[in-house]
Amino acid sequence: MAELKVLTPLKATRGQSVFALCFLGFAMILFLLLPYQTTRVEETSWHKQPGFWPMVSIIGMVVFGVLHFWRLPRRKLEKMDFKEALLWIRGIEFVLWFMIYVSLVPIVGYLPSTLVFVLPLIYRQGYRKPFHFYCGALFVFTVVIFFKVILEVKIPGAALYEFFPDAIRNFLILNF
Amino acid sequence: MENILLGFDVLARWDVVLAILCGSIGGVIIGAIPGVGPAVAIAILLPATFSMEPIVGLTLLLGIYGSSMYGGAIPAILINTPGTPVNALTTYEGFPMTTRGEARRALSLAYAASFFGGIFSVICLILMAPILAKVAPLFGSREIFLAALLGLVLVIIAHRGNILAAGMLACFGLFLNTVGLEPVKYSSRYTFDQSWLANGIDLIVVVLGLFAISQAYFLMSGDDVKIRVNKVRGNLFQGFRELSRHPVVAGISGCFGVVMGIIPGVGEFTAQFMSYTTAERISKRPKAFGHGSSEGLIASETANNAVPGAAMIPLLALGIPGEALTAMMLSVFYVHNVIPGPGLFLYQLDFVTALYLALLILNVVVVMFLMFATNFLVQLVRIPNRYLGVCILTLGFVGVYSLRNNPSDCAMAAVFGLLGYILRRLKLPIIPIILGMVLGGIMEVKFRSSMSRVKEPLDFIDRPIAAMIFAVIIIVLLVHFLRVMREWKPRKERKWTYRKSSSKFGRLLFNRRKHMLDDRGKILRNLQLMSPARKKED
């Protein structure tokens with residue numbers, strides 16, 4: 001029989017204990033905050049209390065979190081766990097890229113900000129050939145036309161468009 | 001028959017036809033690109049479908065869902081990389097066939113099996129629709145609560161090897177659903193006095209963060225892989241002829257797909273695993289499995305493609321999604337005030353039939369498209385991973401920002417993206433969070449409404465369907481615990497083979513005390529006590 005390892009994914013042990021501990025810590029904080037972040041309503045049965053379902057879910061998080069941590073193949077924190085955690089922190093770089101893009105859209109406009117976002121990110125990812133940048137620019141135009149013009153998704157016009165003459169401004173607000 | 005005609009009437013519009021075409025062809029293309037997958041595509045397109053009519057939006061998403069697995073078989077067979085996660089088993093049989101020079105045979109067989117699976121499930125569902133229409137109204141609040149609970153239990157148990165992690169993440173999903181204003185008393189829950197949390201955490205923001213943005217981070221932080229693919233030449237229709245020689249395997253696999261699709265939380269993986277092992281058991285050449293067996297390929301592809309149609313049953317009949325993709329579709333219903341559940345089968349059976357017919361049509365469209373476009377799709381696997389990551393991140397922005405033009409939604413999605421990235425790196429499941437969120441909402445509402453009519457705990461299960469679902473939950477949990485115990489015993493015995501002493505804690509302490517008191521222990525203890533003094537002398 002073929003090995004069906006794919007159906008039971010291999011456990012990556014690197015960083016598991018860090019994640020389990022962080023999750024458990026988060027769940028414990030939520031549990032401690034339960035009386036302060038939910039309201040107890042007088043003369044109301046237990047199942048109608050606003051805090052009932054948060055309590056159920058947080059207790060579940062704590063119980064499963066403790067069991068998960070206890071059943072880990074390796075609970076002791078080692079150097080490689082911290083290396084893995086560093087990799088997660090490095091992921092914040094992409095969060096920043098994304099948030100810069102988000103903050104640019106209302107100022108510069110959807111099309112220009114997407115160009116400003118995609119092309120430098122392609123460069124940052126290590127692509128240097130002009131072909132990659134041409135494809136990136138083509139992708140940006142396609143996405144903007146598909147979503148803004150064809151599907152008419154709600155993305156407001158930019159502050160920058162205010163400096164253009166009325167006719168051009170309207171065109172830009174509607175399409176880019 | 002009348003319902004079928006009414007269903008066709010619902011579909012006979014240019015925008016619906018366009019949605020079926022775009023969804024099915026787009027789904028194949030997305031499926032053929034390893035690293036994207038239907039979940040990412042549906043998450044990105046979800047907000048765009050809110051401005052469409054429910055039938056248009058749903059057929060578009062259904063098209064992507066139903067056709068992505070066809071496309072996913074292409075890289076699985078040709079380059080040993082599954083296009084979608086559920087095509088993983090296809091690599092076991094498809095790639096060995098490619099290495100033998102039978103790529104065309106493998107692809108055509110995969111298309112034929114997928115087509116059979118898709119059509120089989122739709123036919124089953126059309127035949128079952130009248131029964132469902134009779135059974136669905138019997139589901140009241142208690143039954144729906146218990147069915148949602150069963151779904152949650154099954155979702156957790158289905159993640160074998162990661163059950164505790166799945167449980168903890170499902171509870172996290174339940175918690176996320178409770179954040180914001182409580183719907184009855186309007187008191188705030190875990191809002192930390194922040195106005196942007198008062199409306200709660202939007203499911204779409206979480207979905208986009210966990211599926212699309214996290215996938216983008218994951219791809220961008222990884223490496224590109226050089227891939228070489230060859231052109232596929234010749235007729236791709238021969239697979240249908242070969243499939244007709246294995247009707248039993250195809251039929252059994254289709255049945256597994258339908259049954260596993262109906263049960264919430266089980267899905268494609270279990271369906272294909274069960275059909276694959278059954279096919280191997282009944283095969284005349286079981287040794288060929290794993291080395292390019294046509295029966296193995298038929299089993300996995302048929303079961304895969306039979307699931308999407310069947311997975312719509314709990315969604316449409318009870319309003320309970322069985323997996324992440326149907327959970328996303330549920331939000332399309334809610335946005336348009338179409339409440340899936342018993343009422344849908346009673347009052348809008350034409351709408352339900354139209355969805356099934358759309359599934360039927362999209363299967364035909366996809367096969368026709370694949371017969372001519374396979375060589376084009378093969379080239380898509382050449383897109384470098386990190387480049388793909390940039391594209392997904394750009395598309396992820398449209399999805400989140402177009403919801404409410406709210407930067408706090410984007411920040412939340414970016415943070416959930418980081419969480420998803422960590423979960424992907426740790427190989428921990430993401431789906432329980434989404435299902436916890438969706439099922440948590442259903443459970444809270446239904447539990448509250450059902451408890452108002454319950455005086456004693458046993459009243460909760462005094463109706464036959466409620467009692468039946470409750471019994472199923474108990475049986476599922478019992479079977480699971482028995483399996484855990486069965487797996488635990490040999491592990492414990494293995495431990496005993498290399499450990500002479502007992503592995504029980506009390507026994508360990510007793511042995512240690514005994515050892516420290518015997519002659520050799522005393523010598524060792526003296527040595528240990530002497531060692532600091534010796535060090536000082538040195």
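This is a selection-by-selection tour of a predicted two-chain model, going from chain A through the contact to the inside of chain B.

**Stop 1: chain A on its own**

Hide chain B for a moment and colour chain A by secondary structure. You'll find seven helices and zero strands, so reading from the N terminus gives α-α-α-α-α-α-α. Its radius of gyration is 25 Å, while the globule rule gives 16 Å for 176 residues, so chain A is more spread out than a compact globule. Align the view to the principal axes and the C-alpha atoms fill a box of roughly 60 × 55 × 40 Å. Buried residues come to 23% of the 176 residues.

Now colour by domain. Select 11-89 of chain A for domain 1 and 92-175 for domain 2, as the domain assignment has them. Drop a pseudoatom at the C-alpha centre of each, and you should get 39 Å between the two. Got a contact map open as well? Among the chain A contacts with a separation of 6 or more, 64% join residues 24 or more positions apart.

**Stop 2: where the chains touch**

Bring chain B back and select the residues in contact across the two chains. That picks up 60 residues from chain A and 56 residues from chain B. On the chain A side, the elements giving two or more residues are H1 (16-37), H2 (52-70), H4 (92-108), H5 (110-124) and H6 (130-150). Which of the chain A elements gives the largest share of that side? It's H2(A), with ten residues. Colour the chain A side by residue class and you'll see 39 nonpolar, 16 polar and five charged residues.

**Stop 3: chain B, the overall view**

Switch to chain B, which has 22 helices and two strands. Here the radius of gyration is 26 Å, close to the 24 Å from the globule rule for 538 residues, so chain B is as compact as a globular protein of that length. Along the principal axes its C-alpha trace spans about 95 × 65 × 50 Å. Of its 538 residues, 56% count as buried. On the contact map, residues 24 or more positions apart account for 80% of the chain B contacts with a separation of 6 or more.

For the domains, select 2-183 + 203-453 of chain B as domain 1 and 506-537 as domain 2. Their C-alpha centres lie 62 Å apart.

**Stop 4: the core**

Next, go inside. The largest nonpolar core has 213 residues, and B:Ile42, B:Ala43 and B:Ile434 touch the most other members. Show H16 (residues 349-380) of chain B too, as this helix gives the most to the core, with 17 residues. As background, nonpolar side chains tend to be buried together in soluble globular proteins.

Centre on B:Ala43 and expand the selection to its contacts. Leaving aside neighbours within four places in sequence, you'll pick up B:Val207, B:Leu208, B:Phe211, B:Ala212, B:Met328 and B:Gly399. Hold on to B:Met328, which is among the buried residues of the helix at the next stop.

**Stop 5: H14 and the loop before it**

Select 324-335 of chain B to get H14. Its twelve residues should span 16 Å at 1.5 Å a residue, and the end C-alpha atoms are 17 Å apart, which agrees. Its buried residues are B:Ala324, B:Leu325, B:Thr326, B:Ala327, B:Met328, B:Met329 and B:Val332. What covers them includes H3 (37-49), H4 (54-78), H9 (203-220), H13 (294-318) and H19 (431-451) of chain B.

Step back to B:Pro321, in the loop between H13 and H14. Is B:Pro321 buried or exposed? With 27 C-beta neighbours inside 10 Å, B:Pro321 counts as buried. Beyond four places in sequence, B:Pro321 touches B:Leu315, B:Thr326, B:Ala327, B:Leu330 and B:Val438.

**Stop 6: positive phi values**

Finish with the backbone torsions. Most residues other than glycine have a negative phi. B:Asn337, which follows H14(B), has a positive phi near 60 degrees.

Then jump to B:Asp193, in the loop between E2 (188-189) and H9 of chain B. B:Asp193 isn't a glycine, yet its phi is positive, about 60 degrees. B:Asp193 is exposed, with 8 other C-beta atoms within 10 Å.

Last pick: B:Asn405, in the loop between H17 (385-404) and H18 (407-425) of chain B. The phi of B:Asn405 is also positive, at about 55 degrees. With 14 other C-beta atoms within 10 Å, B:Asn405 is partly exposed.

How values were computed. Residues numbered from 1 in each chain as written. Chains lettered and ligands numbered in written order. Predicted model: local features only at pLDDT ≥ 70, side-chain atom pairs only at ≥ 80, totals over all residues. Domains from an automatic or database assignment. Contact = placed C-beta atoms within 7 Å. Helix = DSSP H or I, 4+ residues; strand = E, 2+ residues; numbered from the N terminus. Nonpolar A, V, L, I, M, F, W, Y, C, P; charged D, E, K, R; others polar. Rg over C-alpha atoms; globule rule 2.2 N^0.38 Å. Buried ≥ 20, exposed ≤ 12 C-beta atoms within 10 Å, placed from the backbone. Expected span 1.5 Å × (residues − 1). Core = buried A, V, L, I, M, F, W, Y, C linked by C-beta atoms within 7 Å.
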